[in-house]
Amino acid sequence: MSAPAGTPYFSLLGPVQAWQDQAPLALGPPQQRLLLALLLVRRPGVVELDELIDGMWGEDVPRTAVGTVRSYVYRLRRVLGPCLTTQGRGYGLDVPDGAVDLAVFESEVGLARTRIAAGDLGSGAELLESALRRWRGAPLAGLPGPFARIQRERLAELRLSVQLERLELDLLRGRHDRVVPELALLCAEHPHHERLRSLRSTALERAGRPGEARAVGAGPSAVPDVPVPGAAPPAADTPGAAGPSTGAPLTGASLPVPAPVVAPGFARPSTGAPAFVTVAVPVPALPTPAQLPYTTSDFTGRRDATEDLLRALRPDGAETVVISAVGGIGGVGKTALALHAAHRLREHYSDGQLYANLRGVREDPARPESVLASFLRALGVVDSAIPEQVEERAALYRSRLAGRRVLLVLDDARDIAQIEPLLPGSSACAVLVTSRSTLPELPAALRIRLDVLSPADAVTLLGRIIGEARVAAEPDRALAVAELCGWLPLALRIAGSRLATRPGWSLAAFLDLLEGRRSPFSATAGGEDGVEACFLLSYELLGADEARLFRLLALPDQEDAEVADAAALTGLPRAQAEECLERMTGLGLLESPAPGRYRFHDLLRAFARARSAQEDGPGEQAAALVRLCDHFLASARNAYAVERPGHPVAGLLTPTVSAGTVASEPGQGHRLFTAQHQSVLAVAVQTVRADPASVGLVADLVLALDPVLDSSFLWGAMTQPARLMLAVARERGQTRAAGRLGYMLGGALYQLTQLDEAERVLDAAERDARGARDTAVLTEIHNCQGLVWYSRGVYDRSLELSLLAVETGERCGNAWGSGNARTCRAVALAAAGRLEEAAECGRVSMASARAASDPARLMYSLYALGGIARLQGRPDEAIAGLREATELAVRHGYSTFEVFNLVEETFCHLVAGRPRDAVATGERLLELADRKGWLFAQGRALRLIGTALADLGERGPARERLTRAVALLEPLRPTEASEARAVLDAL
């Protein structure tokens, strides 16, 4: 059965896709693909509008549903052409059966059954195999909504029934050895399926393995799947739900182990197997977040406002979150008041204080999703467990805050849209917001509009800075200075800082100097003109190097900067740059929130940028940004060399002027960059925009960040910057840069389960890398392409590409890449049921990792071999390797891998017939998953514990754990929730 030439070909047996003349078609976002799936399943009939809405949203129908459906139809029609028809209030797809893989599958199965009934078993079996090869993973993978969930379950049952038919035929034809590994995997996926267990027992008996056959016949425990890196991607409406994803395309420590490798299914040993002592891995306690910046010791005035805030924000059993808002013009002291009050409230919020500068008046305001990620990290959630979408991050954030007494300070908010996702749901929390806007939509219990200081308080503040005796000696002049500063605390601090460094100056002389710096057109003594005069007076005190650093330091889109950053921007020696920074801090032109870190007040940043535009110009500004990226690249290269020992990429990056920050051991690199990866990427984009010729340097910076982005699963922050820089590289014909940026973008999209776009981007990157003869990176591109096909369940194609990666790496001397690809190949071999080959491949990879003293790659190979050893019936051997991997993870800071190893170890105890040890290990797993806020891992831990308790006959505790598991897994992995429900029903 085939479709006419030019007709689109549609696939439902995996991610919903379409091709025309072998070219993939862009089908749009998940819900648009869902609409297409509805039409394909119901074809050739017409699907009414109401039926579409019901299938897409169920009971939770948005007000815009009708318009959304029509918009999706319009977009699909532009791609598919006239085959998408409108009939009344419904829609239909006019395509032949040969254009839909599900219809072709059903036709081949029907023909196979006809031939089998006629006695032609060989031809029937071949047709069944041909039909099954059309499956590319979970049907309708990644689609949201009730229709997709029901169809996934229906089609999965259809596939299993056909697999059973084909397996029975193989047994009838005497092909016992062939079906044993496949049945082991299927029994692991469906531990309660009686027919599968019976077939497996028969196959083992006929293959000459009666002992194993008897153990299988006794019935294995129902053991659920394992949370592994890179397992089949979650539904697109639950990004990040599947827990830690694969890690970078280059990193073996976080590349995927397929679900079959880590699924149970081998018979437990006979009774009397030696007990395995559970050794606890210590989980360090997380510190209570205490993020409030320092508060000044000379805080002055604001008594009424302070008391109002203290009364409003003290916990008093309120039923809703208490929110207070402080508004006012720039420099009026909003932040100082908020922090002064927040520090006094600390004892009332024992679970911590969170702080974020939202940069509301800057051109690069903080994005809510970035702030949520930062808060979630502070609350103990690992990066790999942080969802991609802001709504899911907000939901997890509110869950982590539930019942906790936490005070949030949201400083310099832009508008309600920026704040709303950051508001907690727990009434035990309180929120203090500062903003120049009045934020009328904010449901604040208290609003304070802060005015400038009173004359008396302004003079008092000046006296605390320069000495009360000097103010007392010239009170009128002190009052005049305060008036010229507009009564603003910021301006008073800058003026006072200058006077404090000039103890011999009279206030009268300083007043004359200040007056001389005012604009002759100013109509008033204070206001912005007076404030700028104060800035200018302090700026003019700076030497040439200090003034240049002051101007250039304001250019990068960074919240704060290190001494090394300042040195790179200017080309000054580090010691001299630090002296300049300390001098500016002493003059009040910079703040130092932590040792070695410096930042601007927003008004001073604007002033410094304006001075830079006047005195430096675009050429010098661009050169400064390039120097900063050079420094970032040098530091990232140093980290790369340590994280991936022997990888040639570290020596193939653009040479740098800066020596960079040194990383001496694995783990240091990702700790160095994790906190500032977003600002580094923002500066990279800013640099390319200022100087497009720098795209080669910046592409190498992005490539060098690969281990950092991987170790903490920070891929979501990278996609948009990479797209922008990739466009510039292509525009300028920079093929090497385009290949490297394309590899990083494609790898990130793969991690985020956007497989179609990942495939397209990686294919283009492959062409660019070949054109540039960039074979070290080409190795990694092939490996990542293989992972994309692995995630689709097309293991033959995945094996082809992983082998190509191994061969390419060996030819060009990329031993790291070829070794890593070999581990991935072991994973794909195991998924394909070729366990002996998988084990041998994994052992070779492990040996090379040990020889290279590469903890990340060794950790992953040990984990993969553990899954394979368990499938081969050697759970104790698997546990020994898993514990070595866990020790490496703890030592080098790969905390997410602790979860992976504990999951696999718990499975090993279950299949070895040690449910009590499985409960103990599972409880440790659950505690660690709770600490990290990884909902998916929590659900799987509960499944494991509940299953083990059921084996022990402890029905009540088992029901409680399994009920919680179902609730957690239902929105994340419906199939696994069904497995947990099956165990629950059996109780």
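In this predicted model, the hairpin formed by β13 and β14 has 2 residues between its strands, and G596 there adopts a positive phi near 80°. The two strands of the hairpin pair in the antiparallel sense over 2 bridges, with E591 standing opposite R599 in β14.

The hairpin belongs to an open sheet of 3 strands in the order β12-β14-β13, paired antiparallel. β12 (561-562) and β13 (591-594) are the edge strands; each has a single partner, so one side of each lacks a neighbour in the sheet. On the β12 side, 2 bridges connect this strand to β14 (residues 597-599), and the two run antiparallel. Here E562 is placed opposite R597 in β14.

A parallel arrangement occurs elsewhere: strand β7 (residues 322-327) pairs with β11 over 4 bridges in the parallel sense. The bridge partner of A325 in β11 is R447. In a regular strand, side chains alternate between the two faces of the sheet. Strand β11 (residues 446-449) has L446 and I448 on a covered face, while R447 and R449 lie on an uncovered one.

The loop between α10 (259-262) and α11 (303-313) contains T300. T300 counts as buried because its relative accessibility is 7%, against a cut-off of under 20%. The T300 side chain has a polar atom 2.8 Å from the backbone oxygen of D298, and it also makes a polar contact of 3.0 Å with the side chain of R464. Apart from neighbours within four places in sequence, T300 is in contact with L453, D457, T460, L461 and R464.

Helix α34 (residues 775-791) has 17 residues, for which a span of 24 Å is expected at 1.5 Å a residue; the end C-alpha atoms are 24 Å apart, in agreement. Of these 17 residues, 16 are buried, so the helix is largely enclosed by the rest of the structure. After α34 comes G793, with a positive phi near 80°.

The largest nonpolar core comprises 94 residues, of which F550, L553, L581, M584, L701 and M718 touch the most other members. Helix α32 (residues 735-751) supplies the largest share of this core, 9 residues. Leaving out residues up to four places away in sequence, M718 touches L681, V702, L709, M744, L745 and A748. A second, separate core has 87 residues, including I416, A831, Y863 and L962.

The structure holds 10 aromatic pairs. Two of them are listed below.

| Aromatic pair | Centre-to-centre distance | Angle between planes | Class |
|---|---|---|---|
| Y9 and W19 | 6.5 Å | 40° | tilted |
| W505 and F510 | 6.4 Å | 45° | tilted |

The pair of Y9 and W19 links distant parts of the chain, with Y9 in strand β1 (residues 9-11) and W19 in strand β2 (residues 17-20), 10 residues apart. Y9 is partly exposed, at a relative accessible area of 26%, and W19 is likewise partly exposed, at 24% relative accessibility. In the other listed pair, W505 is partly exposed at 30% relative accessibility, whereas F510 is buried at 1%. One aromatic cluster is formed by Y539, F550, F600 and F607; F550 is also among the residues of the largest nonpolar core that touch the most other members.

Technical notes:
Residues are numbered from 1 along each chain as its sequence is written. This is a predicted model: local features need pLDDT of at least 70, side-chain atom pairs count only at pLDDT 80 or more; totals for chains, interfaces and linings use all residues. Side-chain values use heavy atoms; hydrogens and water are left out. Two strands pair if DSSP finds at least two bridges between them. Buried means under 20% relative accessible area, exposed over 50%, partly exposed in between (1.4 Å probe, protein chains only). A polar contact is a pair of N or O atoms within 3.5 Å; within protein, one must be able to donate a hydrogen and the other to accept it, and residues adjacent in sequence count only if both atoms are side-chain atoms. Contact means heavy atoms within 4.5 Å. The expected span of a helix is 1.5 Å times one less than its number of residues. A nonpolar core is a set of buried Ala, Val, Leu, Ile, Met, Phe, Trp, Tyr and Cys residues joined through side-chain atoms within 4.5 Å. Rings of Phe, Tyr and Trp (its six-membered ring) pair if their centres lie within 6.5 Å; planes under 30 degrees apart count as stacked, over 60 as edge-to-face and the rest as tilted.
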